[in-house]
Amino acid sequence: MLFDSLDFFIFLPIVFLLYWFVFDKKLIWQNALILLASYVFYGWWDWRFLLLLILSTLIDFSFGLWIESSIRWRKALLWFSIVNNLGILAVFKYYNFFAANFESAMSSMGWQVHPYFLHIILPVGISFYTFHGMSYVFDIYRKVIKPERNFINYAVFVSFFPLLVAGPIERAHHLLPQVIRPRRFDYRQAVDGLKLMLWGLFKKVIIADALAIFVKDIFGNYNQQSGSVLALGAVYFAFQIYCDFSGYSDIAIGTAKLFGMELLTNFKFPYFSRDIAEFWRRWHISLSSWFRDYVYIPLGGSKGGKWQSLRNIWIIFLLSGFWHGANWTFMAWGAIHASMYIPLFLLGQNRKHVGEVVAEYRALPTARELWGMLTTFAVVCLAWVFFRAPTIGAAIGYLSRMFSRDLFSIPSSCRLGILYIIPLLVVDWICRRDERKTIFEKLPFTMLRFAIYVILAFVIINKLFSTHGQQFIYFQF
Amino acid sequence: MDSNLSTSSSDLYRWIRRVAIFLALTIGVNLLLLILVFIKPDKLQPPVMPNGANRILILGASNVVYGIDTLLIPGSIVISLNEPYGVYGSLLSLRNMAGAGDVIICDYPYSWMDPQKFVPSTAQFYHTVTAEHYWQLCRDYPVFALKNFLLTNILNEELLAYLIKDGESFMPDTRHSAPKRTDGKDPREHYNKCSAPYVKAKHFIYEAGYDEAHFLRIRTFIEAVEREKGVKIFFKYPELNRGNYEINPKIIEAMRRNFKMINSFEDWPNDLMFDQWYHLNACGRERNSKNITQWLRKNGFLKEQD
């Protein structure tokens with residue numbers, strides 16, 4: 001079920017009313033309802049996907065208990081669990097990629113092999129829920145949390161429908177305590193939730209979907225476009241994916257608030273980053289912090305000398321790329337980010353902008369900050385070309401045409417997309433100090449705010465039901 | 001009940017009340033716009049359709065204007081209704097103009113087989129059918145009307161566009177003869193010069209959404225018209241260039257299953273295409289028209305001497 005579908009707009013109020021009015025007597029009933037609703041939400045695509053989700057949930061739930069109760073076999077059990085989770089990912093997401101690459105590698109050496117290819121659809125959100133499960137098992141192994149002994153509670157943590165298919169990737173120590181704690185309806189939280197949902201839908205339905213049309217056109221016919229239009233295409237994609245994914249995260253976080261739960265923040269205005277290190281503290285935070293906590297730090301992080309640190313940086317960036325999909329383009333995307341991050345790391349500049357936003361106490365950035373933002377954004381856009389292109393060759397072709405003589409000419413077409421970006425930038429700039437508040441909350445009068453929300457809802461509803469929407473990009477991951 | 005729970009419960013009711021007001025206002029704005037559209041006098045009238053009997057009517061979009069030569073199909077009338085009419089609008093016109101003994105060939109591009117095109121967006125639909133047609137739609141397809149008409153069409157961004165642009169951009173296109181559309185300096189020369197290279201249009205193929213119910217709706221409707229008016233209604237695979245089978249296999253198969261087809265799927269070469277992925281040039285038109293004539297003769301709808 002899509003967040004921007006009619007089905008969801010019927011589903012959500014039903015679950016909400018049942019949750020607070022019918023199943024509110026006991027926590028376990030509420031959790032059972034959430035679990036059932038989550039399975040309906042997920043099975044809406046294809047009920048067969050549910051079997052894999054339940055299997056994955058059962059495996060991690062069991063391993064959590066076994067690791068806790070075992071002293072001697074803890075490490076072996078942890079590895080067994082990792083192999084299970086990665087095995088599921090490898091089969092459903094990466095098998096065909098490996099098989100195809102194996103085939104072409106063999107054929108380049110003159111050996112003809114014919115590997116078996118799986119004819120299966122990639123289950124929606126598989127990378128997200130396997131990472132949920134892995135974080136749970138890791139945390140038990142590291143004794144950060146105790147295993148959950150009630151399967152329903154654990155299954156809610158893995159399958160909670162707002163985050164099930166595109167995150168944020170939750171941590172057991174953050175979400176599980178909320179699942180097992182009695183919840184009361186909080187007026188303020190629910191109002192905030194709706195506002196976030198509205199803003200998320202606006203970003204997705206109005207901005208991302210509109211930009212998607214330009215992006216599809218430009219990337220689909222890049223051979224016929226001028227350099228400046230291609231540059232515009234890369235910028236549009238940067239904002240499309242930002243609005244699409246951060247819009248999804250906002251809707252997820254907002255929906256969770258309606259049920260009395262708080263999810264992790266996933267985006268903090270990444271395009272205002274002054275260097276690539278800051279970008280990664282602001283973009284898809286739940287994934288980058290997951291890799292930091294469960295891969296980078298266990299590998300030794302930056303503690304084991306320069307070469308080991310460099311190796312670890314490469315590993316997490318390449319893994320981040322590979323996590324997005326079985327294609328070399330994603331690896332290239334990760335590699336570009338790693339290459340931009342490493343100089344900062346070597347110069348000791350990678351933690352220069354921690355915990356503060358650009359122009360924190362000023363209305364406008366300094367020239368230096370502006371330069372930092374623009375260059376970081378330019379690099380990010382270049383990397384997005386690899387992310388969006390179907391093959392490395394297409395990405396290189398795109399960039400070669402882009403860096404032609406007419407790069408600095410006035411784009412001959414597709415200029416209208418800028419109209420979608422400028423208002424977003426203005427709103428984000430004003431709100432950059434508090435990522436969970438929208439600009440409208442800063443307005444003085446209640447009635448004015450209310451009127452603006454009505455207009456926003458009006459625009460969203462009209463757009464939503466009158467055109468073919470675009471599927472959320474991150475569903476495929 | 002303790003005081004905390006009581007607060008929580010009253011908060012919940014307060015929240016629901018405010019959300020309900022919020023939604024009512026949002027829907028209210030939509031309804032207000034809709035009323036404005038309804039009270040606004042229509043600039044355009046539904047096209048006047050020719051009445052008669054025992055004719056050969058060929059119904060389609062602009063593809064039939066470019067792709068069919070009425071001189072090569074004796075007694076035929078080509079009726080082109082463009083996309084704003086939608087399949088339903090087109091079928092309603094068909095019902096109105098059909099006379100006893102007519103042979104009707106529906107030659108819709110694949111894009112019309114997209115369920116979203118059954119009733120296109122409100123603003124376009126407003127001008128092409130009357131209030132009576134709305135009522136017919138609700139009677140003919142109550143579930144469809146509820147889900148796709150009320151939601152897809154009344155809550156519609158084009159409502160605003162319609163009001164702002166005063167309906168001008170939704171002018172329907174009805175033609176009964178050869179193309180008059182201008183396409184560059186001298187379109188006719190290009191059209192008639194079959195050796196002129198086909199310039200591939202940007203979107204040369206259309207991936208239509210598929211829904212079996214859509215076909216069932218159309219089939220039910222045309223069967224009713226056949227019984228009611230004593231006509232024979234056939235369908236024809238449109239004249240499209242490469243790639244359409246690969247991209248629309250389900251649609252093509254569904255057409256074969258649901259309709260009486262006069263031809264098989266054909267991959268039209270580019271040298272018979274004009275300026276669009278669904279427009280033939282003069283040579284294509286000749287071949288297409290001859291094919292139809294042959295079929296009509298073979299099936300006894302045209303006499304050999306015609």
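A residue counts as buried when its relative accessible area is under 20%. Keep that cut-off handy for the exercises below, which all use a predicted model.

**Exercise 1. Get an overview of chain B.**

Task: find how many helices and strands chain B has, and what share of its residues is buried.

Solution. Start with the secondary structure: chain B has 12 helices and 5 strands. Next, apply the cut-off, and 51% of the 306 residues in chain B come out as buried. Now turn to the surface, where chain B exposes about 14500 Å², with 56% of that supplied by carbon and sulfur atoms. Finally, look at contacts between residues of chain B at least 6 apart in sequence: 79% of them join residues at least 24 apart.

**Exercise 2. Work out the surroundings of strand β3 in chain B.**

Task: decide which strands pair with β3(B), and why β3(B) can be called largely enclosed.

Solution. Begin with the partners. β1(B), residues 56–60, pairs with β3(B) in the parallel sense over 5 bridges, and B:Leu57 stands opposite B:Ile104. β5(B), residues 232–235, also pairs with β3(B) in the parallel sense, over 4 bridges; here B:Lys232 is the bridge partner of B:Val103. Then check the two faces: B:Val103, B:Ile105 and B:Asp107 are buried on one side, and B:Ile104 and B:Cys106 on the other. That makes 5 of the 5 residues of β3(B) buried, so the strand is largely enclosed by the rest of the structure.

**Exercise 3. Is A:Lys203 buried or exposed?**

Task: place A:Lys203 in its helix and list its contacts.

Solution. First locate A:Lys203: it's in helix α9 of chain A, residues 187–220. Its relative accessibility is 4%, and buried means under 20%, so A:Lys203 counts as buried. Now set aside neighbours within four places in sequence, and A:Lys203 touches A:Ala208, A:Tyr242, A:Cys243, A:Ser246, A:Gly247, A:Asp250 and A:Leu424.

**Exercise 4. Explore the nonpolar cores.**

Task: which residues touch the most other members of the largest nonpolar core?

Solution. This core has 163 residues, and the answer is A:Tyr271, A:Trp384 and A:Tyr398. Zoom in on A:Tyr398: skipping residues up to four places away in sequence, its contacts include A:Ile218, A:Phe219, A:Tyr222 and A:Val385. Apart from the largest core lies another one, of 37 residues, including B:Phe118, B:Ile222, B:Phe235 and B:Ala254.

**Exercise 5. Check a helix.**

Task: how far does α1(A) reach from its first C-alpha to its last?

Solution. α1(A) covers residues 6–22, which is 17 residues. It reaches 24 Å, close to the 24 Å expected at 1.5 Å a residue. Among its buried residues are A:Phe8, A:Phe11, A:Phe16 and A:Trp20.

Note on methods. Residues numbered from 1 in each chain as written. Chains lettered and ligands numbered in written order. Predicted model: local features only at pLDDT ≥ 70, side-chain atom pairs only at ≥ 80, totals over all residues. Heavy atoms only, no water. Expected span 1.5 Å × (residues − 1). Buried < 20%, exposed > 50% of the residue type's maximum accessible area, 1.4 Å probe, protein only. Pairing = 2+ DSSP bridges. Core = buried A, V, L, I, M, F, W, Y, C linked by side-chain atoms within 4.5 Å. Contact = heavy atoms within 4.5 Å. Areas by Shrake-Rupley, 256 points an atom, 1.4 Å probe, with all protein chains shown as cover.
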